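Trainee: I'd love a close look at one part of this model, with its surroundings built up step by step. Could you take me through it?

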Amino acid sequence: MECTFGPVRWSWLSTYGFTEDLCQIGAGVSLPGIMAAKCGAEVILSDSSELPHCLEICRQSCEMNDLPQVRVIGLTWGHVSQDLLALPSQDIILASDVFFEPEDFEDILTTVYFLMQKNPEVQLWSTYQVRSADWSLEALLYKWDMKCVHIPLESFDADKEDIAESALPGRHTVEMLVISFAKDSL
Ligand SMILES: C[S@@+](CC[C@H](N)C(=O)[O-])C[C@H]1O[C@@H](n2cnc3c(N)ncnc32)[C@H](O)[C@@H]1O
């Protein structure tokens, strides 16, 4: 199963305990969300409501991993849908390899911003493959009142060529960041 999200496997238990409400966006095969659910988090998996086959893959991952309690919903980045409106407050948003198309970046952040209105302390954890050094989230983070912390891969022992015996990241450059609300009062 391919997934560029590395840290959940090693740091989930020690970092976040067992009870977080967690939503994975652009989940696809859903490995980090599945791992979190196995560790006891309340997980909702989501993918584009316009890509039913991707939602079906999320459902299959739940079935294969014996996780009938994990909900799968359609959440298209940048769309305010009934499912987004009804989503309960989240603690963590997992976003594994979703920053691959610059034209989607602002849509992703607007969805995150919406979830920040429900819980200003929500964090988005993202790992992503660096596809172009010219791409940047900086201006959009400023616009949407968010801040971002870069997490060095070596801080969770993931600065290797083959994480967890997979072929990832191989020769790709993979980075991790945590995005949160920038308000000084937090
Ligand atoms: C590169 S894949 C990453 C899949 C998975 N998170 C992983 O790391 O293996 C990008 C995912 O984003 C989803 N996606 C693409 N456009 C989307 C959109 N506009 N709204 C929500 N999800 C989208 C795709 O269906 C796909 O599952």
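Trainee: Let's start at the end of H2: which residue follows H2, and what is the sign of its phi?

Mentor: Happy to, and please keep in mind that this is a predicted model. The residue after H2 is Gly40, and its phi is positive, near 105 degrees. From there we can work back through the helix and then outwards to its neighbours.

H2 itself is mostly covered, with 6 of its 8 residues buried. Those residues are Leu31, Pro32, Gly33, Ile34, Ala36 and Ala37. Just before the helix comes Ser30, in the loop between strand S1 (21-24) and helix H2 (31-38). Ser30 also has a positive phi, near 75 degrees, and here the residue is not a glycine. That deserves a second glance, since most residues other than glycine have a negative phi. Is Ser30 buried or exposed? Ser30 has 32 C-beta neighbours inside 10 Å, and the cut-off for buried is 20 or more, so Ser30 counts as buried.

A useful contrast is Asp145, which sits in the loop between helix H6 (138-143) and strand S6 (146-151). The phi of Asp145 is positive too, near 60 degrees, again in a residue other than glycine. Asp145, however, is exposed, because it has 12 other C-beta atoms within 10 Å, and 12 or fewer is the limit for that class.

Now for a partner of H2, helix H3. The buried residues of H3 pack against H2, S2 and S3. They are Leu55, Cys58, Ser61 and Cys62. These residues cover an arc of only 115 degrees around the axis, so they lie on the same side of H3. On the face turned away from that buried side, H3 carries the exposed residues Pro52, His53, Glu56, Glu63 and Met64. The length of H3 can be checked as well: at 1.5 Å a residue, its 13 residues should span 18 Å, and the end C-alpha atoms are 18 Å apart, so the two agree. After H3 comes Asp66, with a positive phi near 55 degrees.

Next, the sheet beside these helices. It is an open sheet of 7 strands in the order S3-S2-S1-S4-S5-S7-S6, and its pairing is mixed. Its edge strands are strand S3 (71-74) and S6, each of which pairs on one side only. Ignoring direction, neighbouring strands are turned by 25 degrees against each other on average. Helix H3 (residues 52-64) packs on this sheet, where it touches strand S2 (42-47) and S3, and its direction makes about 175 degrees with that of S3.

At the other end of the strand order, S6 and strand S7 (residues 174-181) run antiparallel and are joined by 6 bridges. Within that pair, Lys147 has Ser180 of S7 as its bridge partner. S7 also runs antiparallel to strand S5 (residues 123-129), again with 6 bridges. There, Gln129 stands opposite Val174 in S7.

We can now bring the helices and the sheet together through the core. The largest nonpolar core has 34 residues, and those with the most contacts inside it are Leu22, Ile25, Val43, Leu45, Ile93, Ala95 and Val112. At least two of its residues come from each of S1, H2, S2, H3, strand S4 (92-96), helix H5 (102-118) and S5. So H2 and H3, where we began, both belong to the list of contributors. This is in keeping with a general tendency: in soluble globular proteins, nonpolar side chains tend to be buried together. To follow one residue of the core, take Val112: leaving out residues up to four places away in sequence, Val112 touches Ile93, Leu124 and Ile179.

Finally, step back to the whole chain. It has 6 helices and 7 strands, and from the N terminus on the elements run α-β-α-β-α-β-α-β-α-β-α-β-β. Of its 186 residues, 33% are buried. Among contacts with a separation of 6 or more, 73% are between residues 24 or more positions apart.

Definitions and conventions. Residues numbered from 1 in each chain as written. Predicted model: local features only at pLDDT ≥ 70, side-chain atom pairs only at ≥ 80, totals over all residues. Helix = DSSP H or I, 4+ residues; strand = E, 2+ residues; numbered from the N terminus. Contact = placed C-beta atoms within 7 Å. Pairing = 2+ DSSP bridges. Axes fitted to C-alpha atoms, helices over the stretch in contact; angles between N-to-C directions. Expected span 1.5 Å × (residues − 1). Arc of directions from axis to C-beta. Core = buried A, V, L, I, M, F, W, Y, C linked by C-beta atoms within 7 Å.
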